[in-house]
Amino acid sequence: MTRFFVLSDTFTKLGVFTASFSNFFLIYLTIFHIKQIGGTFKYMVLVLALTGIAFSSWELIARPFTHNYNRAFILFSLNTWILDSEGFLQVAVAIYAGFYLFILAFFAEQFVFRYLSLVNPLMTKAFGGFGVVGWIGYPFLCGVIYCLLLLWSGDPDQFSDDYLRFVIESEHFIGCVSPIYSTFFRETFADIYGMNIETTARFIFTPYAADDSFRWRNLSFMMGGGFLLTSQYFIIMYCGVRMHLAMRKELGNFSVPNRRLQKQFFRALIVQTLVPTCLFVLPALPILLGPLFDFEWNVQTGGIMALLSIYPPIDTFVFIMIVSEYRRVIGEFFCRRKKISSKSTEVFVLV
């Protein structure tokens, strides 16, 4: 079987490099050159940039990957350079998952802030001063809840380990189900990943027991995690629609440059939300919901992690390209470099 996780390692390292470079560049521009962005929103831009760097860097430690096998979904760590640390790597993978919820909740909060700045600018003062604790605390709390929910509900137990240690083929007899075992998956996991599943940091979700009854602890992650995700998207959609309507009504009260900037912020938030949704959320739905259905499959589904690893640099690029002041500052920098280069050439010719 093709080892797709090798490509995931390449994407992870590329993502760390590009995310660090692009976000440090964004931080530099925002602090020293951007004048039109100030106050609380400036701090939000800086926090999000630092989060992108931390998110990509943490992936090098967690090395998350996924595999779907029949009615089981496995989220595990490919990290092989931190030895004898199954518990630490399990927590590292959970923190990585919490990072994504933090980022999504932070976007939802930015939509609220931009909406209030349009309809009632005085209310945005609540985000300043001690309000910083609130607008950082909300996405942090969402991320922590998601992380703890994953640690509790996905912790492997005897049944989930046995399910992956053996292929369970149900033979129906009169009034009962008799499992017949083979070692297919254990051999496949070791063959593909070169790892022993019993000593690998892992979360296993098997929503059905041997008698087809629900395993509610595993299902609680799908329900609780789904509620956290949909709550953020509800806030984003509600504020997005309200912002669109308010922009038509309220922008006449702003100056032309401020009006243009408000539209750019709105477009940037929309695109920045769509990017992780298309790269991760939508592709992840069949992977997360697959165990609920009676599919027979044995698939390396960790490609979604590779897509998510390139999200932070894309997010930064989108923001810089949409907000015109960043484009202007970058353009002026290259123009100055070009003029300096031209003058150096003229001096060389004269000499």
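**Close-up views of a predicted model**

**View 1. A membrane-annotated span, seen end to end.** In residues 12-31, the C-alpha atoms at the two ends are 28 Å apart, and the span is 100% helix and 0% strand. All the views here come from a predicted model. The unreviewed UniProt entry annotates residues 12-31 as "transmembrane region", along with 43-61, 87-108, 129-152, 221-245, 265-289 and 301-323. For residues 43-61, the end C-alpha atoms lie 27 Å apart, again with 100% helix and 0% strand.

**View 2. Helix 2 against helix 3.** Here you can follow helix 2 (residues 39-62) alongside helix 3 (residues 86-119): their axes come within 10 Å and cross at roughly 160°. That angle makes helix 2 roughly antiparallel to helix 3, since angles over 145 degrees count as roughly antiparallel. The crossing of helix 2 past helix 3 is left-handed. Sorted by class, the residues in this contact are 22 nonpolar, 3 polar and 2 charged.

**View 3. Strand 2 and its two partners.** Strand 2 (residues 72-77) has 6 of its 6 residues buried, so it is largely enclosed by the rest of the structure. A72, I74 and F76 point one way from the strand, while F73, L75 and S77 point the other way, and all are buried. One partner is strand 1 (residues 64-69), which pairs with strand 2 in the antiparallel sense over 6 bridges. In that pairing, look for F65 opposite F76. Another partner is strand 5 (residues 202-205), also antiparallel to strand 2, over 4 bridges. There, F73 of strand 2 stands opposite F205 of strand 5.

**View 4. The hairpin turn at N70.** Strand 1 and strand 2 form a hairpin with 2 residues between the strands. N70 sits in this loop, and its phi is near 50°, a positive value in a residue other than glycine. Is N70 buried or exposed? N70 has a relative accessible area of 14%, and because buried means under 20%, it counts as buried.

**View 5. The loop at D212.** Moving on to the loop between strand 5 and helix 7 (216-250), we meet D212. Phi of D212 is near 70°, another positive value in a residue other than glycine. How exposed is D212? With a relative accessible area of 45%, D212 is partly exposed, whereas N70 is buried.

Methods. Residues numbered from 1 in each chain as written. Predicted model: local features only at pLDDT ≥ 70, side-chain atom pairs only at ≥ 80, totals over all residues. Heavy atoms only, no water. Axes fitted to C-alpha atoms, helices over the stretch in contact; angles between N-to-C directions. Parallel < 35°, antiparallel > 145°, perpendicular 65-115°, else oblique. Left-handed = near helix turned anticlockwise from the far one by under 90°. Nonpolar A, V, L, I, M, F, W, Y, C, P; charged D, E, K, R; others polar. UniProt positions renumbered as here; feature names shortened; annotations may be inferred. Buried < 20%, exposed > 50% of the residue type's maximum accessible area, 1.4 Å probe, protein only. Pairing = 2+ DSSP bridges.
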